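Let's take a walk through this structure together. We'll start with a pair of helices, then look around at what else is going on.

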Amino acid sequence: MQNKTIYPHEFFMDAALEEAKAALSEQEVPIGAVVVQGELIIGRGHNQVEQTKDPTAHAEILAIRQAGLTLGDWRLSECRIYVTVEPCIMCLGAILLTRMGEIIYALREPKTGAIRSKIGASVIWAGEKLLITEGVRRSEALFLLQTFFAQVRDNNIRRGTEVWP
C-alpha cells in the first residue's frame, strides 16, 4: 500500500503567495497563482502587466499557460488553481475554458472579481458545477495588497500625483 500525501489548501496557497511576493518585488499588483494537478504544481504565475505592457499578463493566465505547456495540452480538467485574489472575468473565462474543476482563492476583489463579487455565488459551466473555496490565507494576501497600495500612495505623494500611472 502506497502512502499518498494530501496537502491542504494552505500548502498550495503558500506557493501562490510566493508568486504574489515576486510580483510585489517587481512593483506589480501582488497577485500570484499556481495550477495543481494531483499534488504537483504544474504552473506558476504572478502579475506582469506593467513590465510586459500586456493587459493579459495576469497571474492566472501565466500559470495556466505554463500548466498547458507542462502537460502538452490545453485541457486542465484534472487540475485546480490557487490564486491570491478572486479572478477577474478574463481569468475566470480562461479557467473555465481549460475545464478546471476547482478554484481556491484567498481574497475577494470587490471591483473586478468575477466569481462572487460581480457574478454571483456559483458558476455553472457545461453542466458541471465549479468548486469554489474562498478565504484560504486571506490575511496574508490582504497584507501584500495593502503593502503595495501604501507604496503606490507614498510614491504618488513624492511625485505630486494622485493616480497610479
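## Two helices side by side

Start with helix α3 (residues 59-71) and helix α4: their axes come within 9 Å and cross at roughly 20°. That angle is under 35 degrees, so α3 counts as roughly parallel to α4. As for handedness, α3 passes α4 in a left-handed crossing. Keep in mind as you look that this is a predicted model.

Which residues make the contact between α3 and α4? On the α3 side you'll find Glu60, Ile61 and Ile64, and on the α4 side Met90, Cys91, Ala94 and Ile95. Sorted by class, the contact has six nonpolar residues, no polar ones and one charged. Glu counts as charged, so Glu60 of α3 fills the charged spot.

Now stay with α4 for a moment. Buried residues in this helix are Cys91, Leu92, Ala94, Ile95 and Leu96. A bit of background helps here: an α-helix has 3.6 residues a turn, so residues three or four places apart point the same way. Just past the end of α4, Arg99 takes a positive phi of about 70°.

Ile95 deserves a closer look. It sits in helix α4, which covers residues 89-97. Is Ile95 buried or exposed? Its relative accessibility is 0%, and the cut-off for buried is under 20%, so Ile95 counts as buried. Setting aside neighbours within four places in sequence, Ile95 is in contact with Ile64, Ile81, Pro87, Met100 and Ile103. Take Ile81 from that list: it is 14 residues from Ile95 along the chain, and the C-alpha atoms of the two are separated by 8.1 Å.

Next, the aromatic rings. The structure holds three aromatic pairs. One of them joins Phe12 and Tyr82, with ring centres 5.4 Å apart and planes at 35°, so this pair is tilted. The pair links distant parts of the chain: Phe12 belongs to helix α1 (residues 9-25) and Tyr82 to strand β3 (residues 79-85), 70 residues apart. Both Phe12 and Tyr82 are buried. Phe11 joins in as well, since Phe11, Phe12 and Tyr82 form one aromatic cluster.

Another aromatic pair is made by Phe148 and Phe149, and this one is edge-to-face, with 4.9 Å from centre to centre and 80° between the planes. How buried or exposed are these two partners? Phe148 has 3% relative accessibility and so counts as buried, while Phe149 is partly exposed, with a relative accessible area of 37%.

Back in helix α1, you'll also find Glu19. This residue is buried, with a relative accessible area of 14%. What does Glu19 touch, leaving aside neighbours within four places in sequence? It is in contact with Gly32, Ala33, Val34, Arg44, Gly45 and His46.

Finally, step back and take in the whole chain. There are five helices and seven strands. Reading from the N terminus, the elements run α-β-β-α-α-β-α-β-β-β-β-α. Of the 165 residues, 41% count as buried. And among contacts between residues at least 6 apart in sequence, 57% join residues at least 24 apart. The pairing of Phe12 with Tyr82, 70 residues apart, is an example of a link between distant parts of the chain.

Key: Residues are numbered from 1 along each chain as its sequence is written. This is a predicted model: local features need pLDDT of at least 70, side-chain atom pairs count only at pLDDT 80 or more; totals for chains, interfaces and linings use all residues. Side-chain values use heavy atoms; hydrogens and water are left out. Rings of Phe, Tyr and Trp (its six-membered ring) pair if their centres lie within 6.5 Å; planes under 30 degrees apart count as stacked, over 60 as edge-to-face and the rest as tilted. Helices (H or I, at least four residues) and strands (E, at least two) are DSSP runs, numbered from the N terminus. Buried means under 20% relative accessible area, exposed over 50%, partly exposed in between (1.4 Å probe, protein chains only). Contact means heavy atoms within 4.5 Å. Axes are lines fitted to C-alpha atoms, for helices over the stretch in contact, and angles run from 0 to 180 degrees between N-to-C directions. Angles under 35 degrees count as roughly parallel, over 145 as roughly antiparallel, 65 to 115 as roughly perpendicular and the rest as oblique. A crossing is left-handed if the near helix is turned anticlockwise from the far one by less than a right angle, and right-handed if clockwise.
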